[in-house]
Amino acid sequence: MARTMRRVQILLLLQLCKWVITLEARPLADVPIAVTREFYGNGRIFDITHRINPEMPSWDSKNGVGQVVKLVASMKNGSNDNLSEMKFSSHTGTHVDAPSHFFEEYYEAGYDTSTLDMKTLNGPALLVDVPRNSNITAEVVKSLKIPKGIHRVLFRTLNTDRKLMFKKEFDSSYVGFLSDGAKWLVQNTDIKLVGLDYLSVAAYTDLVQTHRVLLKSREIVIVEGLKLDDIKPGLYDLHCLPMRVLGAEGTPTRCILMG
Ligand SMILES: [Zn+2]
């Protein structure tokens with residue numbers, strides 16, 4: 001009798017253990033799926049940062065950015081937490097360029113993105129629509145009639161209409177500044193932050209010279225790959241906070257506009 005009782009007790013204990021294990025492993029079925037937002041605060045805050053993801057374009061590539069986040073420890077596989085590593089080009093998605101990107105002497109002297117002026121990256125900014133039929137030439141910049149005293153301008157172009165940042169395959173027919181447009185901007189305006197809506201501020205046919213014209217003084221900050229869809233042109237407060245990485249000539253940045 002005592003032995004039977006003991007067997008029952010052991011069986012009950014085993015069953016209890018099974019219940020506990022099942023309970024632990026059961027997924028939390030009632031957790032709603034997460035959503036990412038483009039606007040906050042009743043539409044007063046616009047997130048103008050593209051979410052880094054495998055399907056976004058990568059410079060000169062047909063295959064997009066590819067896998068960015070890789071779990072190196074996973075709860076599914078028994079770890080106490082989920083822990084990932086990230087791997088991507090420093091010019092991925094919405095990002096800033098440092099003077100060291102196109103000047104070797106600036107690279108040697110340490111002008112990485114962590115040396116960019118936070119005052120330039122944060123403050124009043126004008127969002128303007130650029131004529132859709134051409135690259136940004138001197139004529140085009142002139143025609144925009146950007147008032148003196150404006151220090152930050154985000155140029156919205158055909159790239160936004162064509163949704164190029166949402167297409168996996170890199171498209172070299174995007175529009176951007178030509179070097180004469182950059183020269184005109186440097187010589188005739190007070191602009192210290194230039195933002196554009198594809199992976200480069202400069203047109204594909206005039207890459208090096210345009211970047212060099214803008215970066216030479218080490219006073220102008222270039223923000224590339226901005227998400228400017230569905231926002232009215234006008235004056236906003238811009239806030240850009242690039243990652244602070246020693247030695248990086250480009251780094252992803254979070255940028256928001258507040259209206
Ligand atoms: Zn860049």
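This section describes the fold, the nonpolar core and selected packing contacts of a predicted model.

The protein contains seven helices and 11 strands. Of its 259 residues, 35% are buried. Contacts across the chain are prominent in the count: among contacts with a separation of 6 or more, 72% join residues 24 or more positions apart.

The largest nonpolar core holds 51 residues. Within this core, Ala125, Ile136, Val194, Leu214, Val221, Ile222 and Val223 touch the most other members. Val194 falls in strand S8 (193-196). Beyond its neighbours within four places in sequence, Val194 contacts Val153, Val201, Leu214, Ile220 and Ile222. Two of these partners, Leu214 and Ile222, are also among the core residues that touch the most other members.

Helix H6 (residues 179-188) packs against helix H7 (residues 207-215). Their axes lie 8 Å apart, at an angle of about 10°. The two helices are therefore roughly parallel. On the H6 side, the contact is formed by Ser179, Ala182, Lys183 and Val186. These residues meet Gln209, Thr210, Val213 and Leu214 of H7. By residue type, the contact comprises four nonpolar, three polar and one charged. An α-helix has 3.6 residues a turn, so residues three or four places apart point the same way.

The buried residues of H7 are Thr210, His211, Val213, Leu214 and Leu215. Thr210, Val213 and Leu214 also take part in the contact with H6. The packing of the buried H7 residues extends past H6. It also involves strand S5 (95-97), strand S8 (193-196) and strand S9 (221-224).

Ile220 lies in the loop between H7 and S9. This loop residue counts as buried because 23 C-beta neighbours lie inside 10 Å, and the cut-off is 20 or more. Leaving out residues up to four places away in sequence, Ile220 touches Lys192, Val194, Leu214 and Leu215. Leu214 and Leu215 are themselves buried residues of H7. Ile220 and Leu121 are 99 residues apart along the chain, yet their C-alpha atoms are separated by 9.8 Å.

Strand S3 presents another setting. S3 (residues 69-73) is hardly covered. Among its five residues, the count of buried residues is zero. S3 runs antiparallel to strand S4 (residues 83-86), and four bridges join the two strands. One of the paired positions is Val69, whose bridge partner in S4 is Met86.

How values were computed. Residues are numbered from 1 along each chain as its sequence is written. This is a predicted model: local features need pLDDT of at least 70, side-chain atom pairs count only at pLDDT 80 or more; totals for chains, interfaces and linings use all residues. A nonpolar core is a set of buried Ala, Val, Leu, Ile, Met, Phe, Trp, Tyr and Cys residues joined through C-beta atoms within 7 Å. A residue is buried if 20 or more other C-beta atoms lie within 10 Å of its own, exposed if 12 or fewer, and partly exposed in between; C-beta atoms are placed from the backbone. Two residues are in contact if their C-beta atoms, placed from the backbone, lie within 7 Å. Two strands pair if DSSP finds at least two bridges between them. Axes are lines fitted to C-alpha atoms, for helices over the stretch in contact, and angles run from 0 to 180 degrees between N-to-C directions. Angles under 35 degrees count as roughly parallel, over 145 as roughly antiparallel, 65 to 115 as roughly perpendicular and the rest as oblique. Ala, Val, Leu, Ile, Met, Phe, Trp, Tyr, Cys and Pro count as nonpolar, Asp, Glu, Lys and Arg as charged, and the others, Gly among them, as polar.
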